[in-house]
Amino acid sequence: MKPPEHTATPGNDIADPVARPDAAAKCAGTARYLADLAVPGMLHARTVRSTRPRARITSRRLPPLPAGFFVVEARDIPGRNRIRMLDDDWPFFAEDIVNHIGEPILLVVGPEAEATAMIASRVIIEYEDLPPILSLDDALAGLAPPLYGEDNCFAEYSFHKGDLPQARRAARQMVKDGFSTGFQEHLYLEPQGVLAVPEAGRLTVYGSMQCPYYVKKAVEQAVGEGRHHVRIVQTVTGGAFGGKEDYPSLLAGQAAVAALKSGRPVRLVLDRTEDIAATTKRHPSRIDFTTFLDENDDLLGMDVDILLDGGAYSGLSSVVLQRAMFAASGVYRVPHLHVHGRVLATNQVPAGAFRGFGAPQAFFAIEMHLENIALRLGLDPLEYKLRHALRRGDRTCTDGLVRGAVRLPEMATRLCEAAGYPAKQAAYTAGQGRYRRGIGLSLCYHGCGFTGQGEELIQGTIALHKRADDAVEIRVAATEMGQGAQTVLPKIVAHSLGIPLDQIHYENPDTDIVPDSGPTVASRTTMIVGGLLREAALDLKRHWQSGRVMDIRRTYHHPPHIHWDQEHFRGDAYPEYAWGVNVVEVEVDLLTGLVRVIKIWAQFDVGAPMDERTLRGQMEGGIAQGLGYALWEKLEVDDGRVQQQRIRDYTIPTFMDMPPVESGSVYNPYEFGPFGAKGAGELTLVGVAPAVAAAVQQAIGCPVDMIPVTPEMILRRIRNRKHAKPDSEIPPESSPRSRSRADT
Amino acid sequence: MNHFEYLQPTDLAEASRLLGDGPDEAMIFAGGTDMLSLLKDDVVAPRKLINIKGIPGLDDIRYTPGNGLVLGPLVTIRAIKENPTIREHYPVLAEAADVLASPQLRNLGTLGGNLCQRPRCWYFRGDFDCLRKGGATCYALEGRNKYHCIIGGHPCVIVHPSDMAVALLALDAKVTIYTPEETRQIPLNEFFVRPAEDYEREHVLKPGEIMSRIEVPAPPSGMLSGYRKFMERAVWDFAVVSVAAVFTRSGDRITGGRVSFGGVAPVPWQDEAFNRKLSGLRLTKRSVTDACKTLLSGAEPLSENAFKLPLARNLTGSLLLELAGVPL
């Protein structure tokens, strides 16, 4: 790799890595995160939370409040006690009903953090319990009164392609499969926090966040539209992974109301336990397939049923479900398709945005399903998958056109050669001894930009401001949260303008300065926001007048060929797709059930990388988080209560758990992306779990239909299988041909 | 976290006096790797912390051939891990230190603290008013109990988290306890308290008592020993199950020894019946595997941790055979 350079001079490849502008302060410890901020007169807030999954609050008893301490609750909200999101069901503070353990009821606010926490711990809330819905099974059984609407369903959709009943009649074979996944916790290193500062007629909220304008709208709704000038400023954000897409809106609204009530700045920072117990998680899922094969064993039709657990409030669930549904048939050509999806409400911590946004659940399921079909037919999964993979000119599951070149076949073939996949696939099935190897493959895509009509609805707007000194300020609402926006966007502008990188300035967004370029989500920042910046920069270049102040704005509209029918889910669900292939080799110790990941090979088509090293960061980070999802990360909610409340209870992989990763990207430019770029942030996580699960499945010779694949699950499956088939090839404790770990 | 007074005595008598009436009044602070998180999580709230690191002579490692090993309670885990004498004569101890926590924690954590650390049960450490914290319920019995005990539990089903204790137990170590009146020595297996005796404490130290020394007998010639710890991650994890084995052999038979377990019981555990059978056991794959089938036969796994039984048996069998050089 080339040494980092600080300037990208014209003619340099934009992909050449540069030093990250945010790196030095983060490494030196001088970056100021929200909890490092203190302003004169600042008060501290501590949340009193529901301890019941579903109940009516019968009384709130406060301990004596010393001078300067006060509480903030629903009735203090001057505006509406609803967080502005897609729907209108989620309150900033519970009113008379609580719907999940950890739901905020009130804030205790005061001048000293410790005393505030002490008082908060002495607030007594009395409840009258109501029949709760504690799981998807409860929700399906429908015994308790609905939590949302009449059917307890946050969203339900279905879409069709072709004629599935006809495919069912014509089919030679039918294959059924079912898969499930659990909650996943983001575990960003910096817990959530906001600081609300009131000034005459103005209210500024600083916070760790992904989406300043979501927060702005939420705060405006809380404090009353038009009554205060609301300004949102993103502070240095220590990781987010989607977890700071939705929840900062709630915290900012609460802190804003507290700041208005007291007339003083109020800081609200969650501790780790609160953050794990109360903020949004990845949706648990159950996905069932009924697939029909024709006389050539080809995919003829597929009926997919997706069930997501949305927790207590709708949040972003409806769009998460849509993304899961548009990934349900994977990267495959399925002529006759029916996809049905529901998100049910339960009295659990709300589910929300998490890197991949419904796609990781769907890709785990569809990739395992295709793997299982291939194995059942006695075919090589690679061959079978590629045989059905979408090609340029094909129609997607929603009948959109695949416009760009699909380089999956060469990516997969090259990767499988590097990994020795075909030979290992054949050899490992007949493994012997204590340590068993397995190899798994997954193909995936990720739709770049918002799902469906999202980009058209939000119409992201960006601005470039050229100063008199000829430096150029990027004014976008896109946030740096570790993913590299502050590295990539300035490069796009510098390369477009043909000026040195150090002439470009890009501060953390402040809604008084930047237009609403949309949230920092959905792998849209480089492709959509970066694309607008490139257009604006080219325009600026054309009109460039040295020494003059110039301002340029651009607003996003889909390229004219993109069509989408939101009512029937027909057309181009995404403007473009990024593609990925993962191959994972594992070794499973049959004595202990321990899975050792030997190596991961990955290839991605992100159009064109805007910075090789930043892309590497996304690839290795996405793979690490995907590995955690596949093997370790288990967040269980019993009787409505999150059981793993600390970092030590929630196992994410460490550096020592990371296998060697051989990853790379292919160049496949997208016409409407800046310098050909597509999205890269989520894609890298999406395909990991199915490749790991397929590898483990092969190694242990037992089906893997849920993640995480834990040692106890492996031991149990091997055991059950032994009892079912006494002459199984898996040895009871160890076999004569087993070898020691040191030999491997 | 509560406010506390921080005191730094320079001898055991003073430390003992400062400890006063028990943990509500004062607690010992050494490496702090466990104490700080207990304080931060409000699991404990002593009025005073007694830092004993200023007391001289508590961090010695002394080995005398024929007499064995004497360890001070302030010896760090890293010091044990890196001590060539311990690596040579007591591999089991060094191996337990090797896989303990992380380098940062090993630098700070002390042997005494490791033996006296509190359980890792997520209900005990979390926001649950559990039996061990004075509540009425052991939440793990009906709750998430994958990491809990399979034997010797009830009414509280924690596991003891120490790696060093398991290794020392297999080595038949003894603990010296300083009290203002006299200094007494007890076998390590009498140091730990089972929940059936008292579910609010894990060891026998009474108010004012301080562990002052750990003694390990001299290794018999030809002693074989080793430690195997099953962790889900490669590092920085407590044992799901761990096993320490110490034995001597003559030809293809074990002539005496001891096996002990971590992660299976509320105290570092020994299966007495199995240990009695060790002497005379043939070191062949078949007889070792057969013998291991009866290990922990009194186990009563909870709803989520039945896997620990085969795990413990499998780990023991493979460890004995590996140490004996018998191909697996």
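**Close-up views of a predicted two-chain model**

**View 1. A strand-to-strand salt bridge in chain A of this predicted model.** Arg60(A) is partly exposed, having a relative accessible area of 29%. Its salt-bridge partner is Glu73(A), and the closest N and O atoms of the pair are 2.7 Å apart. Glu73(A), by contrast, is buried, with a relative accessible area of 8%. Arg60(A) belongs to strand E2 (residues 55-61) and Glu73(A) to strand E3 (residues 70-73) of chain A, so this pair ties together parts that are 13 residues apart in sequence. Over all chains, the structure holds 76 salt bridges.

**View 2. Arg437(A) and Glu587(A) meet in a salt bridge.** Here the N to O distance is 3.4 Å. Arg437(A) sits in strand E16 (residues 435-448) and Glu587(A) in strand E23 (residues 576-589) of chain A, so the parts tied together are 150 residues apart in sequence. Have a look at Glu587(A) in particular: this residue is buried, with a relative accessible area of 1%.

**View 3. The surroundings of Tyr506(A), a residue in a loop of chain A.** The loop runs between strand E19 (504-505) and helix H15 (525-543). Is Tyr506(A) buried or exposed? Its relative accessibility is 9%, so Tyr506(A) counts as buried. Leaving aside neighbours within four places in sequence, its contacts include Ile474(A), Val476(A), Leu489(A) and Pro490(A). Ala478(A) is also in contact with Tyr506(A), and the backbone oxygen of Ala478(A) lies 2.6 Å from a polar atom of the tyrosine side chain.

**View 4. An open sheet of 4 strands in chain A.** The strand order is E19-E18-E17-E20, and the pairing is mixed. E19 and strand E20 (550-555) are the edge strands, each pairing on one side only. Strand E17 (residues 461-466) and E20(A) run antiparallel and are joined by 6 bridges. To find your place in the view, look for Ala463(A), which stands opposite Arg553(A) in E20(A).

**View 5. Lys229(B) and its polar partners in chain B.** Lys229(B) is found in strand E9 (residues 224-230) and is buried, with a relative accessible area of 14%. Which side chain joins that of Lys229(B) in a polar contact of 2.8 Å? The partner is Asp163(B). In addition, the backbone oxygen of Val99(B) lies 2.9 Å from a polar atom of the lysine side chain. Other residues in contact with Lys229(B) include Leu100(B), Phe238(B) and Val241(B).

**View 6. A salt bridge between a helix and a strand of chain B.** Glu322(B) pairs with Arg228(B), the closest N and O atoms being 2.9 Å apart. The glutamate lies in helix H13 and the arginine in strand E9, so the pair ties together parts that are 94 residues apart in sequence. Both are partly exposed, Glu322(B) at 37% relative accessibility and Arg228(B) with a relative accessible area of 26%.

**View 7. Where chain B meets chain A.** In this interface, 32 residues of chain B are in contact with 31 residues of chain A. The two chains bury about 2,900 Å² between them, 52% of it on carbon and sulfur atoms. On the chain B side, Trp122(B), Arg233(B) and Asn314(B) lose the most area, together 20% of what that side buries. The rule finds 5 salt bridges across the interface, including one between Asp638(A) and Arg144(B) with closest N and O atoms 2.7 Å apart. H13(B) gives the most to the side of chain B that touches chain A, with 5 residues.

Technical notes. Residues numbered from 1 in each chain as written. Chains lettered and ligands numbered in written order. Predicted model: local features only at pLDDT ≥ 70, side-chain atom pairs only at ≥ 80, totals over all residues. Heavy atoms only, no water. Contact = heavy atoms within 4.5 Å. Buried area = accessible area lost by both parts, 1.4 Å probe. Salt bridge = Lys/Arg side-chain N within 4 Å of Asp/Glu carboxyl O. Helix = DSSP H or I, 4+ residues; strand = E, 2+ residues; numbered from the N terminus. Buried < 20%, exposed > 50% of the residue type's maximum accessible area, 1.4 Å probe, protein only. Polar contact = N/O pair within 3.5 Å; in protein donor to acceptor, adjacent residues only side chain to side chain. Pairing = 2+ DSSP bridges.
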